[in-house]
Amino acid sequence: MPTTTGFYQTENGSKYLQQLCKHFGHKIETSYDAEKGWAAFEMGTAYMTADSTGLTVTATLDDPEMVPALHSVIDRHLETFAFRETEKNMVWTVE
């Protein structure tokens with residue numbers, strides 16, 4: 001089971017965490033506050049934390065082939081919400 005972690009450096013981590021969870025909550029189960037949240041995707045649950053340095057997303061997936069799909073769904077939505085930011089995508093690692 002691979003674990004993937006993404007970090008997005010921004011002063012607006014809390015804002016993006018809340019926007020992502022609120023948006024995903026229209027289709028899947030989510031829970032969030034200003035500093036932490038999660039979204040239960042079919043491929044695995046993404047856990048999010050935000051602080052003054054940015055937004056971190058961590059997920060453990062049953063199927064290693066689904067890692068790119070998780071990265072894509074998070075990055076595509078983050079790019080939409082972070083349109084004013086210089087960088088648009090998270091920096092991902094997989095363990």
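This passage walks through a predicted model, from its nonpolar core to its pocket and a few single residues.

A good place to begin is the inside of the fold. In soluble globular proteins, nonpolar side chains tend to be buried together. The largest nonpolar core of this model contains 25 residues, and the members that touch the most others are Phe41, Met48, Leu55 and Leu70. Several elements take part: α1, β3, β4 (44-51), β5 (54-60) and α2 each contribute at least two residues to this core. The largest share belongs to α2, with six residues. Met48 shows what such a position looks like up close. Setting aside residues up to four places away in sequence, Met48 touches Leu17, Leu20, Cys21 and Phe24, along with Glu35, Lys36, Gly37, Ala39, Leu55, Thr56 and Val57.

Aromatic rings come next. A pair of aromatic rings is described by the distance of the centres and the angle of the planes. The count here comes to two aromatic pairs. In one of them, the ring centres of Tyr8 and Tyr16 are 6.1 Å apart and the planes meet at 70°; an angle over 60 degrees counts as edge-to-face, so this pair is edge-to-face. Tyr8 and Tyr16 are both buried. The rings of Phe24 and Phe41 also form a pair, with centres 5.0 Å apart and planes at 75°, so this pair is edge-to-face as well. Phe24 belongs to helix α1 (residues 13-24) and Phe41 to strand β3 (residues 36-41), so their pairing ties together parts that lie 17 residues apart in sequence. Phe24 and Phe41 are buried too.

The Phe24 and Phe41 pair leads on to the largest pocket, since both residues are found in its lining. This pocket has a volume of about 210 Å³. Its lining is made up of His23, Phe24, His26, Lys27, Ile28, Phe41, Glu42, Met43, Val73 and His77. Two elements, α1 and α2, give two or more residues to the lining. Sorted by character, the lining residues are five nonpolar, three polar and two charged.

One of these lining residues, His77, deserves a closer look. His77 sits in helix α2 (residues 67-81). Its relative accessibility is 18%, and the limit for a buried residue is under 20%, so His77 counts as buried. Beyond residues up to four places away in sequence, His77 touches Leu20, His23 and Phe24.

Lys36 offers a contrast in setting. Lys36 is placed in strand β3, and its relative accessibility of 49% makes it partly exposed. Not counting residues up to four places away in sequence, Lys36 touches Leu17, Ser31, Met48 and Thr49. Leu17 also appears among the contacts of Met48. Lys36 and Leu55 are 19 residues apart along the chain, and their C-alpha atoms are separated by 9.4 Å.

Residues outside the helices and strands complete the picture. Pro2 lies in the segment before β1 (3-9) and, at 12% relative accessibility, counts as buried. Apart from neighbours within four places in sequence, Pro2 is in contact with Ala59, Thr60, Leu61, Pro64, Val67, Val94 and Glu95. For one of these partners, Pro64, the C-alpha atom is 5.9 Å from that of Pro2, although 62 residues separate the two along the chain.

Ala82 is located in the loop between α2 and β6 (91-94). With a relative accessibility of 0%, Ala82 counts as buried. Leaving aside neighbours within four places in sequence, the contacts of Ala82 are Tyr8, Tyr16 and Lys88. Here the story returns to the aromatic rings, as Tyr8 and Tyr16 make up one of the edge-to-face pairs. Gly25, by comparison, is 57 residues from Ala82 in sequence and 18 Å away in space, C-alpha to C-alpha.

Glu65, finally, is found in the loop between β5 and α2. Its relative accessible area is 69%, and so Glu65 is exposed. The C-alpha atoms of Glu65 and Phe24 are separated by 21 Å, with their positions 41 residues apart along the chain.

Definitions and conventions: Residues are numbered from 1 along each chain as its sequence is written. This is a predicted model: local features need pLDDT of at least 70, side-chain atom pairs count only at pLDDT 80 or more; totals for chains, interfaces and linings use all residues. Side-chain values use heavy atoms; hydrogens and water are left out. Helices (H or I, at least four residues) and strands (E, at least two) are DSSP runs, numbered from the N terminus. Buried means under 20% relative accessible area, exposed over 50%, partly exposed in between (1.4 Å probe, protein chains only). Contact means heavy atoms within 4.5 Å. Rings of Phe, Tyr and Trp (its six-membered ring) pair if their centres lie within 6.5 Å; planes under 30 degrees apart count as stacked, over 60 as edge-to-face and the rest as tilted. A nonpolar core is a set of buried Ala, Val, Leu, Ile, Met, Phe, Trp, Tyr and Cys residues joined through side-chain atoms within 4.5 Å. On a 1 Å grid over the protein atoms alone, a cavity is a set of points where a 1.4 Å probe fits but cannot get out, and a pocket is an open set with protein on both sides within 12 Å along at least five of seven lines; lining residues have an atom within 4 Å of a point. Grid points are joined across faces, edges and corners, and a volume is the space filled by probe spheres set on the points. Ala, Val, Leu, Ile, Met, Phe, Trp, Tyr, Cys and Pro count as nonpolar, Asp, Glu, Lys and Arg as charged, and the others, Gly among them, as polar.
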